2 protein chains.
Amino acid sequence: MTSSSPKTPDATKQVRSPRSGRPNDPSGASNRAERAAERRAAIVEAALTEFIARGFTATRLDDVAKRAGVAKGTIYLHFKDKESMFEELVRTALVPLVNRIAAPQIPIGTVRDVIEAFAATFIREVANTRRGDIIRLIVAEGPRFPAIADFYYREVISRGLAGMRALIELAIARGEIRQKQLARYPQIVVAPAIVAVIWQSLFARHSPLDASDMLRVHLDLIFGERSET
Amino acid sequence: MTSSSPKTPDATKQVRSPRSGRPNDPSGASNRAERAAERRAAIVEAALTEFIARGFTATRLDDVAKRAGVAKGTIYLHFKDKESMFEELVRTALVPLVNRIAAPQIPIGTVRDVIEAFAATFIREVANTRRGDIIRLIVAEGPRFPAIADFYYREVISRGLAGMRALIELAIARGEIRQKQLARYPQIVVAPAIVAVIWQSLFARHSPLDASDMLRVHLDLIFGERSET
DNA sequence: AATTTATGACTGACTAGTCAGTCATTGTCA
DNA sequence: TGACAATGACTGACTAGTCAGTCATAAATT
């Protein structure tokens, strides 16, 4: 029974670290911790791409591993399982953005200016980026991942709507907005932005949508058309 | 139509033909074609429920069969495979509704009246029914089923928006709507309705939304508040 | 009896998650 | 500084389980 082991994993072993040939660079990016972080980032990037393209269930971790350039087992060094990976991804992909947007706005100019800046940020950072797809992903998978829906409601929706409501109330007090009931439904103000995101995912091929222009028209509807030349 | 409850597979081996004992009744409700249609309807009903709850990939045809009270093989007597079943389901679930809503509106009263009737229909027939979930399902699976996105754009979106645009233009001509640019983006008018559907699916548990009231406020925004003028 | 319709056990392809083994890097000591 | 030992990040073949789709058989109908 001296037969060699049936598995020959050594056959095609690629070089582990083609990292730039600096095995011990103090200022470089080649120590263990940093490369681990790089790999984790590659996995996150790849997983996000796959989840967006296929949804949770249809995404194969083999594909994620291949795309990230790691072995499947490596994924499990960073994440407990597919489900918690998905949840963590969706969370971390949105929190930085939300924190930035939800930062206390300084109403220097008119409320409309603030909301217009908000809209511009949304167009730039969400509507035409992968973050928009993440929003669609949340809509798609939310019902099956109550934890995600909970988190998202708590960290994004309730905070965002509260901030928007405060702005609307300020605008009403200042006379910028006539329709007083609007403060009860801040959703109305953001609805076209959400629709724009969905449109880009589903129908951009059929009929491109100028989201920026649409939001401008919507703000004209809310604040009245601009009379400045 | 599911006259009898389709979900009672508990009776081990249910009787295949619970008919009225008329083997050859021309006017009866138990000939082959009709029972086949009943079974098909039961399968459609069950499949829709499962697809809505779990999405396309995560839905098991074993579960659909169990819920419909048929054997799995029976599904394949009615549908070629899982994918074409899904596509056919999503299509037939919406077409009757769209045909009704898209029927030529007779603008007897004001345009606002027409749109308010439309909103009421939407609330009644979509927002709080399973059709709303189907809309979410399309958002969720659309990118992976281009055929569905195509069909939906052609049969629902483009038709619906064209009709809405015509109404907006009429309202502008009549002086009901001041904001002339609105005709370029009928999406703005329907956006809160879409958001309401999504909200019900994801966040109703956290914070119930009075969709009917929200749409009323939105129409006030577009047409101006009712009591004035 | 012949034909149509329904069944559900079965198959084969597919995939989440595991783990024994490898080896580049890091630590230790002379 | 150079040699050797220890570490643990990484690998990928493998296991155990799932599920879409099939088909031989059975039931119902004509």
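**A walk through a predicted two-chain helical model**

A:Gly224 is partly exposed, because its relative accessible area is 29%, and a residue counts as buried only under 20%. This glycine sits in the segment that follows α9 of chain A. Leaving aside neighbours within four places in sequence, A:Gly224 is in contact with A:Arg112 and A:Leu219. A:Gly224 and A:Ile177 are 47 residues apart in sequence, while their C-alpha atoms are 8.0 Å apart in space. The model in which these values were computed is a predicted one.

From this residue the view can widen to the chain. Chain A has nine helices and zero strands, and along the sequence its pattern reads α-α-α-α-α-α-α-α-α. Of its 229 residues, 44% count as buried. If one takes the contacts in chain A between residues at least 6 apart in sequence, 62% of them join residues at least 24 apart. The pair A:Val95 and A:Tyr152 illustrates separation along the chain: they are 57 residues apart in sequence, and their C-alpha atoms are separated by 9.3 Å. A:Val95 belongs to helix α4 of chain A and counts as partly exposed, at 31% relative accessibility. A pair with a shorter stretch of sequence between its members is found at helix α2 of chain A, residues 61–68, which holds A:Asp62. A:Asp62 and A:Lys72 are ten residues apart in sequence and 6.0 Å apart from C-alpha to C-alpha. With a relative accessible area of 46%, A:Asp62 is partly exposed.

The next topic is the buried part of the model. In soluble globular proteins, nonpolar side chains tend to be buried together. Here the largest nonpolar core has 141 residues, and those touching the most other members are A:Met85, A:Leu182, B:Met85 and B:Leu182. What does A:Met85 contact, once its neighbours within four places in sequence are left aside? The list is A:Ile43, A:Ala47, A:Phe51, A:Leu61, A:Ile75 and A:Phe79.

Helix α5 can be followed in both chains. In chain A it covers residues 111–127, and its buried residues include A:Val111, A:Arg112, A:Val114, A:Ile115, A:Phe122 and A:Glu125. A:Arg112 is thus both a buried residue of α5(A) and a contact of A:Gly224. The buried residues of α5(A) pack against α4, α6, α7, α8 and α9 of chain A.

In chain B, helix α5 (residues 111–127) packs with helix α7 (residues 146–174) at an angle of about 150 degrees, the axes being 9 Å apart. Because of that angle, α5(B) is roughly antiparallel to α7(B). From α5(B) the contact draws on B:Val111, B:Val114, B:Ile115 and B:Phe118, and from α7(B) on B:Met164, B:Leu167, B:Leu170, B:Ala171 and B:Arg174. Sorted by class, this contact has eight nonpolar residues, no polar ones and one charged.

How are the two chains placed relative to each other? Two copies of a chain are related by a rotation about an axis and a shift along it. In this model, chain A is superposed on chain B by a rotation of 180 degrees with 0.0 Å of shift along the axis, at an RMSD of 0.1 Å. The copies are therefore related as by a two-fold rotation axis. The residue of chain A that comes closest to this axis is A:Ala140, whose C-alpha is 2.1 Å from it. Of the interface residues of chain A, 100% are also interface residues in chain B, so the copies meet through the same surface.

One place where the chains meet is the pair of α8 helices. The axes of α8(A) and α8(B) come within 8 Å and cross at roughly 90 degrees, which means that α8(A) is roughly perpendicular to α8(B). In α8(A) the residues involved are A:Gln187, A:Ala191, A:Pro192, A:Ile194, A:Val195, A:Ile198 and A:Trp199, and they meet B:Gln187, B:Ala191, B:Pro192, B:Ile194, B:Val195, B:Ile198 and B:Trp199 in α8(B). By class, the residues of this contact divide into twelve nonpolar, two polar and no charged.

B:Trp199 of this contact lies in helix α8 of chain B, residues 187–203. Is B:Trp199 buried or exposed? B:Trp199 counts as buried because its relative accessibility is 6%. Not counting residues up to four places away in sequence, it touches A:Tyr153, A:Ile157, A:Leu161 and A:Gln187 from chain A, and B:Ala204, B:Ser207, B:Pro208 and B:Leu209 from chain B. Of these, B:Leu209 is ten residues from B:Trp199 in sequence and 7.4 Å away, C-alpha to C-alpha.

Conventions
Residues are numbered from 1 along each chain as its sequence is written. Chains are lettered from A and ligands numbered from 1 in the order in which they are written. This is a predicted model: local features need pLDDT of at least 70, side-chain atom pairs count only at pLDDT 80 or more; totals for chains, interfaces and linings use all residues. Side-chain values use heavy atoms; hydrogens and water are left out. A nonpolar core is a set of buried Ala, Val, Leu, Ile, Met, Phe, Trp, Tyr and Cys residues joined through side-chain atoms within 4.5 Å. Buried means under 20% relative accessible area, exposed over 50%, partly exposed in between (1.4 Å probe, protein chains only). Contact means heavy atoms within 4.5 Å. Copies are superposed by least squares on the C-alpha atoms of residues with pLDDT of at least 70 in both. Axes are lines fitted to C-alpha atoms, for helices over the stretch in contact, and angles run from 0 to 180 degrees between N-to-C directions. Helices (H or I, at least four residues) and strands (E, at least two) are DSSP runs, numbered from the N terminus. Angles under 35 degrees count as roughly parallel, over 145 as roughly antiparallel, 65 to 115 as roughly perpendicular and the rest as oblique. Ala, Val, Leu, Ile, Met, Phe, Trp, Tyr, Cys and Pro count as nonpolar, Asp, Glu, Lys and Arg as charged, and the others, Gly among them, as polar.
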